Amino acid sequence: MTVKELVDQFDLEVIAGPDLQKEIDGAYIGDLLSNVMARAEKGNLWLTVQGHQNVVAVALLVELSAVILVEDFDYEENAIQKACQKGVNLLKTGKKSYDLACSFYESNI
Amino acid sequence: MSLQKQQILNKEIDSFDFQSGGEASSDLKNILRKLGVPSKIVRKTAIITYELEMNVVIHSLGGEITALISEDELEIRVDDSGPGIEDLDKAFTAGFSTASDEIREMGFGAGMGLVNVKRYADQIDVKSSKDAGTHVKVIINLAN
């Protein structure tokens, strides 16, 4: 599934979408950047409450398919700019990580 | 076989520069890819350099990161100009951090930085003192 298909299916908001054709391969949930660096895998979606600019650096290094900011948290403006420059997709939703992850699981993500 | 090491990266890291934090790691990752280094090693290196780079951003007065490569190994050096690590044993303890509440709220300061570096490095050497800053040397084996 591509990020674009995910956005349509789960009604996610696109905050930065420089590369929505990226393929998704699994997901990781976490707010501690060291854990995400060490544990998340290439192609993962990253569900988090962190919306600052260094999130983009981590997403880029791990080659994540998209960041999904949950529970209506907001991205910082400089994070959005950096994501557009670097080709990192930033999405958001009002849902909780658990609920979103359950619906992803049901769709075999 | 040549054991001569060639410098492939040297980049300054500024204190509290969260905008550029991670870029040296990203640059090194791209360089290693172009050199045809296996993706597993590139991934390991990215984890190590990101942690060390963010340590300089968060904890130091500024520093630099240098990467050297030979046929057998990759050497990463991260040098900062202070203030130095008071207790190195503690710094290598999972969960120990001196980061402020503000930094922790950003998802840093979990006390896993140097722990992760040690886990993925083949060799690590850290020298630190209040006067001379912190100097980290990491070796990643390229030959199997």
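These are my notebook entries on a predicted model with chains A and B.

**Ground rules**

I am working from a predicted model, where local features need pLDDT of at least 70 and side-chain atom pairs count only at pLDDT 80 or more, while totals for chains, interfaces and linings use all residues. Residues are numbered from 1 along each chain as its sequence is written, chains are lettered from A and ligands numbered from 1 in the order in which they are written, and side-chain values use heavy atoms, with hydrogens and water left out.

**Chain A, overall**

I started with the secondary structure and found five helices and five strands in chain A. Helices here are DSSP runs of H or I with at least four residues, strands are runs of E with at least two, and both are numbered from the N terminus. Read from the N terminus, the order is α-β-β-α-β-α-β-α-β-α.

Next I looked up the dimensions. Along the principal axes, the C-alpha atoms of chain A fill a box of roughly 35 × 25 × 25 Å. The radius of gyration is 12 Å, which agrees with the value near 13 Å for a compact globule of 109 residues. That radius is taken over C-alpha atoms, and the globule rule is 2.2 Å times the number of residues to the power 0.38.

Then burial: 53% of the 109 residues of chain A count as buried. My cut-offs are under 20% relative accessible area for buried, over 50% for exposed, and partly exposed in between (1.4 Å probe, protein chains only). I put the accessible surface of chain A at about 4,900 Å², with 44% of it belonging to carbon and sulfur atoms; the areas come from the Shrake-Rupley method with a 1.4 Å probe, and for residues only the protein chains shown count as cover.

On contacts (heavy atoms within 4.5 Å), I took those in chain A with a separation of 6 or more, and 46% of them join residues 24 or more positions apart.

**Helix α1 of chain A**

Which residues of α1 (residues 3-10) are buried? I get A:Val3, A:Leu6, A:Val7 and A:Phe10. They line one face of the helix, because seen down the axis of α1(A) they fall within an arc of 100°. The arc is that of the directions from the helix axis to the C-beta atoms. The general rule is that an α-helix has 3.6 residues a turn, so residues three or four places apart point the same way.

I also checked what this face packs against: the buried residues of α1(A) meet β1 (13-16), β3, β4, β5 and α5 (97-106) of chain A. Just after the helix comes A:Asp11, with a positive phi near 55°.

**Salt bridges**

I count 15 salt bridges over all chains, each being a side-chain nitrogen of Lys or Arg within 4 Å of a carboxyl oxygen of Asp or Glu.

A:Lys42 and A:Glu63 pair up at 3.6 Å, N to O. These two sit 21 residues apart, A:Lys42 in the loop between α2 (33-39) and β3 (45-48) and A:Glu63 in the loop between α3 (53-62) and β4 (66-69) of chain A. A:Lys42 is exposed at 56%, whereas A:Glu63 is partly exposed at 26%.

A:Lys92 bridges to A:Asp74, with the closest N and O atoms 2.8 Å apart. This pair, too, links distant parts of the chain, from strand β5 (residues 90-92) to the loop between β4 and α4 (77-86), 18 residues apart. Buried or exposed? A:Lys92 is buried at 9%, and A:Asp74 is exposed at 57%.

In chain B I noted B:Glu75 with B:Arg77 at 2.6 Å, N to O. B:Glu75 is buried at 4%, while B:Arg77 is partly exposed at 37%.

**Between A and B**

How many residues of chain A are in contact with chain B? I find 22, meeting 26 residues of chain B. The buried area is about 1,800 Å², of which carbon and sulfur atoms give 46%; buried area is the accessible area (1.4 Å probe) that two parts lose on being put together, summed over both.

Three salt bridges are counted between the chains. I looked up B:Arg33 with A:Glu63, where the closest N and O atoms are 2.3 Å apart. A:Glu63 thus turns up again, in a salt-bridge network with A:Lys42, B:Lys29 and B:Arg33.

**B:Pro83**

Last entry: B:Pro83 lies in the loop between β3 (73-80) and α3 (88-91) of chain B and is partly exposed at 43%. Leaving out residues up to four places away in sequence, B:Pro83 touches B:His59, B:Ser60, B:Leu61, B:Ser129 and B:Lys130. B:Ser60 is 23 residues away in sequence but 6.1 Å away in space, C-alpha to C-alpha.
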